[in-house]
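Me: I've never looked at this structure before. Can you help me learn to read what sits inside it?

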Amino acid sequence: MAHLIQRTCEYLLLKPNVLLKFDIRCGHRLRGRAPGIAKTLRERLDEENAVDPDLSKPVNIGFPALKPSRSTQLSERLEQLKAQRNNPELERQSRERKLNVNLDQVREDWLKTSGPFHIKRVAEHYGVFKHLFGSAYFVPRVELKIQYTLKDVIHPVRYGNILKPSETQNAPSVEFDGRFNFSGDGKTEAKEQFWCLLMTNPDMNVDGSEKEHCHWFIANIPNGDVSKGDVVMPYLQPFPPKGTGYHRHIFVLYKQESRMDFSQYQQTATYFLPGRSFRTLDFYRQHQDSITPAGLALFQCDWDASLPAFYQEKLQMQHPVFEYDFPAPYIRDQEWFPQRKPFNLYMDKYRDPAQIRKEYLVRKLAKTHPFDGPEKPLRFPNAHSVGKEVPSWLRTEIKKNRLGWGRINDI
């Protein structure tokens with residue numbers, strides 16, 4: 001017998017493909033390959049939707065980001081540290097916890113160093129470049145200061161913050177450095193510069209197409225003075241329909257080479273929605289030799305109670321409401337002897353819900369006095385016994401009614 005076992009082991013060792021491998025997890029035998037060998041869903045989708053990396057490679061369409069020399073940055077930091085260490089007043093204020101940090105100076109330094117790259121990462125997180133420019137991107141070099149004002153309350157536009165339609169009814173105030181020097185030498189441009197500002201919503205279009213909705217278009221802004229620019233499309237407040245979630249509203253600032261003619265996009269009627277269909281990618285492709293994106297800001301907006309009146313009075317259209325059509329729950333066929341299932345809940349699965357609610361309401365009204373009202377709830381519901389002769393399913397139902405759980409809340 002030992003000789004037979006030895007020969008069998010030698011045979012299996014010489015031919016390992018004879019062995020059948022069964023992967024078992026938590027007592028269950030797995031079908032197919034093991035998780036460490038089989039491809040994940042993401043890997044399978046990447047194989048089916050393979051894209052040429054040369055064609056999908058991101059392209060920078062903005063101004064190049066200037067990188068100062070490492071030695072210059074190091075010398076500036078050392079000089080600053082040396083000046084702070086030799087300042088006894090600064091040390092005394094820090095020790096006494098009276099030192100105030102200038103947040104405006106911190107923000108200015110942040111915008112000069114890593115701020116534009118952080119803004120770019122935020123825009124990538126919200127899918128701004130993908131849905132506006134396809135495979136292109138840019139580093140926002142110019143800061144946009146956008147503020148909405150409602151009853152002396154300022155609502156700034158940051159990089160993805162949430163604003164309501166009632167807070168964005170009027171056009172915002174926009175400020176930026178119109179003489180920004182992209183060479184990085186710290187000097188301002190002497191000659192007159194022109195800019196154009198667009199506000200678009202890539203998450204909505206009234207005609208159901210894949211285009212965006214342009215809410216604001218101002219061109220030929222001289223030296224950053226938005227009030228002197230040419231209004232191509234007047235401002236239109238955000239109006240996301242009910243049930244569609246948050247909509248991204250994106251401000252993109254373009255640097256023009258000179259004064260340009262955008263009469264093909266001209267719109268005089270504020271509430272004519274078909275004329276506001278817009279596509280940023282087509283717009284940039286047509287004028288890519290004359291404009292360069294330089295600034296970016298965005299906010300998110302969802303439905304509020306002020307929009308029904310806006311749809312009916314301003315847009316002269318019915319207020320749209322979108323609801324998700326949930327599929328009916330799957331109910332398996334009835335069994336002759338259902339095991340480990342509550343009797344009442346199992347039978348209610350195959351009955352009309354309206355009839356169930358009606359019967360429950362009748363039982364509830366039968367215990368309600370017409371003048372004194374319903375019975376007062378027990379102060380300690382779990383302290384009162386139900387009785388051993390009561391079935392388990394009915395005992396559970398009585399406890400749920402006492403505690404206010406389940407179907408009692410539907411009536």
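Reply: Sure! Keep in mind that this is a predicted model. Let's begin with one pair: tryptophan 195 stands opposite isoleucine 221 in S10.

Me: How many bridges join S9 to S10, and which way do the two run?

Reply: For any pair of strands, look at the bridges and at the direction. Here seven bridges join S9 to S10, and the two run antiparallel. On to S12: this strand is also antiparallel to S9, with seven bridges joining them. Leucine 197, for instance, has leucine 253 in S12 as its bridge partner.

Me: Is S9 enclosed or open, and why?

Reply: Check how many of its residues are buried, meaning under 20% relative accessible area. For S9, eight of the eight are buried, so the strand is largely enclosed by the rest of the structure. Look at the two faces as well: Phe194, Cys196, Leu198 and Thr200 point one way, while Trp195, Leu197, Met199 and Asn201 point the other.

Me: Which residues of the largest nonpolar core touch the most other members?

Reply: For a core, look for the members with the most contacts inside it. This one has 30 residues, and Phe133, Phe217, Tyr254 and Phe283 touch the most other members. Among the elements giving two or more residues are S9, S10, S12 and helix H8. H7 supplies the largest share, four residues.

Me: What does tyrosine 254 touch?

Reply: Leaving out residues up to four places away in sequence, its contacts include Phe133, Phe194, Trp195, Phe283 and Pro293. There's also a second, separate core of 24 residues, with Ile146, Trp195, Met199 and Ile221 among them.

How values were computed:
Residues numbered from 1 in each chain as written. Predicted model: local features only at pLDDT ≥ 70, side-chain atom pairs only at ≥ 80, totals over all residues. Heavy atoms only, no water. Core = buried A, V, L, I, M, F, W, Y, C linked by side-chain atoms within 4.5 Å. Buried < 20%, exposed > 50% of the residue type's maximum accessible area, 1.4 Å probe, protein only. Contact = heavy atoms within 4.5 Å. Pairing = 2+ DSSP bridges.
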